[in-house]
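Reader: I'd like to go through the charged pairs and the cysteines here, with the cut-offs spelled out. Can you show me the model?

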Amino acid sequence: MSDVTDISAKDVKALRDQTGAGMMDCKKALTETGGDVDAAVTWLREKGIAGAAKLAGREATEGTIQSYIHANGKVGVLVEVDCNTDFVARNEDFTAFARDIALHIAAAGPQWVSEDQVDEQARAEELRIAASQMTNVPEQARERAAQGKLGKWLDEVVLLRQQHVNTDKHDGKTIEQLRAELSAKTGENVVIKRFSRFQVGS
């Protein structure tokens with residue numbers, strides 16, 4: 001079985017373009033199938049991910065804006081979550097999801113919604129810092145180790161890659177996994193469009 005770091009971003013993007021599945025699901029599918037794209041597509045279908053993923057091509061023009069204000073009144077979040085129809089936008093599961101995401105953003109403080117929004121300069125700087133910390137790692141393993149550290153940084157700053165802060169309620173699932181589940185349940189393309197996090201004094 002291929003190690004996760006052997007899976008290139010290009011392969012992940014190609015699978016994502018083909019199936020519409022999330023980045024993390026595509027990476028896991030490729031890891032589980034040793035990098036075999038056809039087998040990865042089958043793996044996603046068997047998990048029920050690719051079926052919901054086909055919805056990703058549908059334009060999300062309806063939705064809701066929800067907010068969360070922390071009890072101390074010093075942290076607040078506005079988040080926009082979109083879908084395909086007004087019917088789903090008014091659905092309690094959908095609005096509850098948006099509120100839950102706002103709470104998570106208040107606690108976790110992500111900087112970007114998805115990995116493809118990450119500022120290239122910030123990514124390059126993190127990779128440079130990671131590489132500079134690899135002096136005690138054998139030279140042939142340094143690039144892989146640096147990419148691993150970069151991946152951990154992305155887990156911290158990208159909303160869809162983060163585990164929901166309420167791990168007990170959500171069984172340690174990532175925001176992307178929760179989004180995909182809601183998409184499958186509603187039969188619509190659920191998109192976390194944007195958010196703003198406000199903190200007094202920052």
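Author: Sure. The side chains of E32 and K28 meet in a salt bridge, at 3.4 Å from N to O. This is a predicted model, where local features need pLDDT of at least 70 and side-chain atom pairs count only at pLDDT 80 or more, while totals for chains, interfaces and linings use all residues. Residues are numbered from 1 along each chain as its sequence is written, and side-chain values use heavy atoms, with hydrogens and water left out.

Reader: Why is the contact between E32 and K28 called a salt bridge?

Author: The term asks for a side-chain nitrogen of Lys or Arg within 4 Å of a carboxyl oxygen of Asp or Glu. The N to O distance for E32 and K28 is 3.4 Å, so the pair fits the rule.

Reader: What makes K185 exposed and D93 partly exposed?

Author: Buried means under 20% relative accessible area, exposed over 50%, and partly exposed in between (1.4 Å probe, protein chains only). K185 has 61%, so K185 is exposed, whereas D93 has 36% and is therefore partly exposed. Their side chains also meet in a salt bridge, at 2.8 Å from N to O.

Reader: How do you know whether C26 is buried or exposed?

Author: Its relative accessibility is 0%, so C26 counts as buried. C83 is at 0% as well, and therefore buried too.

Reader: How many disulfides does the rule give?

Author: A disulfide is a pair of cysteine sulfur atoms within 2.5 Å, and by this rule the count is 0.
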